[in-house]
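Open the model in your viewer and keep the selection panel at hand. The stops below say what to select and what to look for.

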Amino acid sequence: MSGQNELLSVEGLHAHYGKSHILHGVDFQVTHNEVVSLLGRNGSGRSTTLKAIMGIVPPTRGRVRLLNRDIAGARPSTICRNGIAYVPEEREIFVNLTVDENLRMGEQRGTVDAPKWTVEQMFDYFPRLKERRNTKAGNLSGGEQQMLTMCRSLLGNPLVILIDEPTEGLAPKIVAVVGEAIADIHRRGASVVLVEQKLAIALKVASRVCVMGHGRVVFEGTPDQVTSNTQLLKDWLAV
Ligand SMILES: Nc1ncnc2c1ncn2[C@@H]1O[C@H](COP(=O)(O)OP(=O)(O)OP(=O)(O)O)[C@@H](O)[C@H]1O
Ligand SMILES: [Mg+2]
């Protein structure tokens, strides 16, 4: 899978929390304009993988290459400037700023090749945010805060966006909207690494799927290959 079209490459990535060895050599690649769903059971290391790519948890071994530059161990702000955005599970917003102000805070030029996004596009995706553009973010519902976090990250015009459980705790109607937004990010040319517990959505938006277990990738394939592999579903996804 390595080659010209490769955007992000994670190779033999290890990470620890103190003495706990959590990632045991994670390997996967993301090419330009694809959505990779990172699946696995609770505790399999999906969030830690995103954090290690982002430099929030420092990798103890292995490489993270973005456009062939090794960024493993760089500071999160540097990694972000180089074109990777991260939407954490915990919503990251400025509670005392309005929706509009939060979005403006996210605006960055991004790298040359990245698709560009505007605040108005964000409002097209999520009209609810437009209605509430002058509301303090701290007064939004959990779902609205989740949307705001995702939009703010996109406004940095990333090449690839890492999204951790974006639909957790959202009403079914909003879940569908988030799914649509991810599909649209893909259509517009960005790449996505998605950690998503809801298998139906994770498989629907993905071009490729990596399944994690015990801190490494144990399966890689297409969404169809996952759906038809009952042993995989039973052993590693508990469905
Ligand atoms: N800050 C931390 N300190 C110590 N251990 C942690 C910390 N965060 C996570 N872990 C442990 O690391 C392992 C992997 O956690 P991680 O959050 O990456 O899993 P996950 O696949 O995202 O699952 P889930 O989100 O369902 O918890 C788990 O055993 C978890 O208990
Ligand atoms: Mg997690």
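Select the lining of the largest pocket and colour it by class: 10 residues are nonpolar, 9 polar and 6 charged. Remember throughout that this is a predicted model. The lining comprises 25 residues. Which of them lie nearest the centre of the pocket? They are Cys 80, Tyr 86, Gln 108, Arg 152 and Ser 153. Show those as sticks. Now colour by element: α1 (46-54), α2 (76-81), β6, α3 and α6 each give two or more residues to the lining. The space in this pocket comes to about 490 Å³.

**Helix α6**

Stay with α6 and select residues 142-154. Put a distance between its end C-alpha atoms: they are 19 Å apart. At 1.5 Å a residue, the 13 residues should span 18 Å, so the two values agree.

Next, turn on a surface. Is α6 largely enclosed or open? It is largely enclosed by the rest of the structure, because 12 of its 13 residues are buried. The buried stretch includes Gly 143, Met 147, Cys 151 and Leu 154. Arg 152 and Ser 153, met at the pocket centre, are buried as well.

What packs against the buried residues of α6? Select β6 (84-87), α3 (99-106), α4 (119-125), α5 (127-131), β7 (160-164) and α7 (172-187) to see these partners.

**Strands β8, β7 and β3**

From β7, step across to β8. These two strands pair in the parallel sense over 5 bridges. Pick Ile 161 and look opposite: Val 192 in β8 stands there.

Now select β3, residues 35-40. It also runs parallel to β8, joined by 4 bridges. Val 35 has Val 192 as its bridge partner. So how much of β8, residues 191-195, is buried? The count is 5 of 5 residues, so the strand is largely enclosed by the rest of the structure. Show the side chains and rotate. Ser 191, Val 193 and Val 195 point one way, while Val 192 and Leu 194 point the other way. Both sets are buried.

**The antiparallel sheet**

Move to the open sheet of 4 strands, ordered β2-β1-β4-β5. Its pairing is antiparallel. The edge strands are β2 (20-31) and β5 (69-70), each of which pairs on one side only.

Zoom in on that second edge. Between β4 (residues 59-66) and β5 there are 2 bridges. One to pick is Leu 66, whose bridge partner is Arg 69.

**Val 64**

Still in β4, select Val 64. Its relative accessible area is 0%, which means that Val 64 is buried.

Expand the selection to its contacts, leaving aside neighbours within four places in sequence. Leu 8, Ser 9, Leu 13 and Ile 53 appear, together with Arg 69, Asp 70, Ile 71 and Ala 72. Then pick Ser 9. It is 55 residues away from Val 64 along the chain, yet their C-alpha atoms are separated by 5.7 Å.

**The β9-β10 hairpin**

For the last stop, select β9 (residues 208-213) and β10 (residues 216-221). They run antiparallel and are joined by 5 bridges. Gly 213 stands opposite Arg 216. What lies between the strands? The hairpin has 2 residues there. Label His 214 and check its backbone: phi is positive, near 50°.

Technical notes: Residues are numbered from 1 along each chain as its sequence is written. Chains are lettered from A and ligands numbered from 1 in the order in which they are written. This is a predicted model: local features need pLDDT of at least 70, side-chain atom pairs count only at pLDDT 80 or more; totals for chains, interfaces and linings use all residues. Side-chain values use heavy atoms; hydrogens and water are left out. The expected span of a helix is 1.5 Å times one less than its number of residues. Buried means under 20% relative accessible area, exposed over 50%, partly exposed in between (1.4 Å probe, protein chains only). Contact means heavy atoms within 4.5 Å. On a 1 Å grid over the protein atoms alone, a cavity is a set of points where a 1.4 Å probe fits but cannot get out, and a pocket is an open set with protein on both sides within 12 Å along at least five of seven lines; lining residues have an atom within 4 Å of a point. Grid points are joined across faces, edges and corners, and a volume is the space filled by probe spheres set on the points. Ala, Val, Leu, Ile, Met, Phe, Trp, Tyr, Cys and Pro count as nonpolar, Asp, Glu, Lys and Arg as charged, and the others, Gly among them, as polar. Two strands pair if DSSP finds at least two bridges between them.
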